[in-house]
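Reader: I would like a close look at the interior of this chain and at the residues that line it. Please give the cut-off behind each term as you use it.

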Amino acid sequence: MTAPASAPATAAKSELNSAEATLFAELTTRLAELGRNFYGRGWLLGTSGNFSAVVRRKPLRLAVTQSGVDKGMLVPHHILQVDENGTVVDGSGEPSVETALHLAIVRLRGAAAVLHTHSVWNTLLSEVHAAKGGISIEGYEMLKGLEGVRTHEHREWLPIIENSQDMAALAGVMEETLARFPRAHGLLLRGHGLYTWGSDLAEAKRHVEILEFLLEVVGRMRNSVER
C-alpha cells in the first residue's frame, strides 16, 4: 500500500502556517511600537490614526490596528488579522473602520504597509488646499527621502479628497485618485489626515516622517509669509 499523497502537502501547509504566525506576531509588535512612537511625536493623538501591514498576498491577509484604541497605549494584542474583505481571521475586537481604505491601497499600489496619521499640519493644510485638489511640494532636499526621488527639484503632488463616513464610497474615490496620480507617495483626506505607504514597514515609516516634515515646513512658510 502506498503512503497517502497528502502527507507532504499537509507538512508544507503546517510550515507555511507557522511562518505566517511568526510574521504576524512580528508585525503586531512593530506596528504597536510605531503607534506609540508616532503618538509621542503628536501625529496621532488619542484614538486617531490606523496602521496595516501585509501578512500574505494570496489570499490576502492584513495585520491592522483595532478600532478605538488610544495609540499611545497600543500593544500587540490591539493588532488584528483580516482577510481581503476586512473580516477578522485572527485576534478579537473590531478592525479599524478604515480597513477598506488600507485594502484599496494595498491592491492598487502593491504596498506592503499603509500608515495613516492625524497631525495638526496635515489636517490644517488639507483644508487650506482643498479647493486646489491637492498640495504641490518642491525644492526641498527632504523630498529625496521618498522612494524613487533623486533630486530636490522633484515636484510631489499630494492629492486631497473629500472625507466621508461611507467607507465603501470613500475607498472607491481613493482608488480613482490613486489611478489618476500613479506617482504620488501619499494623499490627504480633507479635515482628516495623511495616508502613505511603502514596499515594507520601514519605507512606509520613512514616508510618514518625510511627508509630515514637508507639510509642517509648507504650513510654517505660509504662516510666515502672511504675517
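Author: The chain folds into five helices and nine strands; helices (H or I, at least four residues) and strands (E, at least two) are DSSP runs, numbered from the N terminus. Their order along the sequence is α-β-β-β-β-α-β-α-β-β-α-β-β-α. The radius of gyration is 19 Å, close to the 17 Å that the globule rule gives for 227 residues, so the chain is as compact as a globular protein of that length. That radius is taken over C-alpha atoms, and the globule rule is 2.2 Å times the number of residues to the power 0.38. Along the principal axes, the C-alpha atoms fill a box of roughly 85 × 35 × 30 Å.

This is a predicted model, in which local features need pLDDT of at least 70 and side-chain atom pairs count only at pLDDT 80 or more, while totals for chains, interfaces and linings use all residues. Residues are numbered from 1 along each chain as its sequence is written, and side-chain values use heavy atoms, with hydrogens and water left out.

Of the 227 residues, 46% count as buried; buried means under 20% relative accessible area, exposed over 50%, and partly exposed in between (1.4 Å probe, protein chains only). Contact means heavy atoms within 4.5 Å. Among contacts with a separation of 6 or more, 63% link residues 24 or more positions apart.

Now the interior itself. The largest nonpolar core has 21 residues, and those with the most contacts inside it are Leu-101, Ile-105, Val-114, Met-174, Leu-187, Leu-189 and Tyr-195. A nonpolar core is a set of buried Ala, Val, Leu, Ile, Met, Phe, Trp, Tyr and Cys residues joined through side-chain atoms within 4.5 Å. At least two residues of the largest core come from each of β2 (61-65), α2 (99-109), α4 (167-180), β8 (186-189) and β9 (193-198). The most comes from α4, which gives five residues. Apart from this core lies another, of 20 residues, including Ala-32, Leu-34, Phe-51 and Ile-79.

Ile-105 shows how the larger core is joined up. Beyond its neighbours within four places in sequence, Ile-105 is in contact with Gly-110, Ala-111, Val-114, Met-174, Leu-178, Tyr-195 and Trp-197. Ile-105 is one of the buried residues of α2, together with Thr-99, Leu-101, His-102, Leu-103, Ala-104 and Val-106. Just after α2, Gly-110 takes a positive phi of about 65°.

Phe-51, a member of the second core, sits in strand β1. With 0% relative accessibility, Phe-51 counts as buried. Setting aside residues up to four places away in sequence, Phe-51 touches Leu-31, Leu-34, Gly-35, Phe-38, Leu-44, Ala-63, Val-64, Thr-65, His-102, Val-114, Leu-115 and His-116. One of these, Val-114, is also listed among the residues with the most contacts inside the largest core.

Another of those partners, Thr-65, belongs to strand β2. Thr-65 too is buried, at 0% relative accessibility. Its contacts, leaving aside neighbours within four places in sequence, are Asn-50, Phe-51, Leu-74, His-78, Ile-79, Pro-95 and Ser-96. Thr-65 and Pro-76 are eleven residues apart along the chain, and their C-alpha atoms are separated by 9.2 Å.

Two loops adjoin β2. The loop between β1 (50-56) and β2 holds Pro-59, which a cis peptide bond joins to Lys-58, with omega about -15°. As a rule, most residues other than glycine have a negative phi, and most peptide bonds are trans. The loop between β2 and β3 (79-82) holds Val-69, which counts as buried at 9% relative accessibility. Outside the four places on either side in sequence, Val-69 is in contact with Gly-46, Thr-47, Leu-74 and His-78. Leu-74 and His-78 are also contacts of Thr-65.

For contrast, Met-142 lies in the loop between β6 (134-138) and β7 (155-161). Met-142 counts as partly exposed, at 32% relative accessibility. Residues up to four places away in sequence aside, Met-142 touches Ile-210, Phe-213 and Leu-214.
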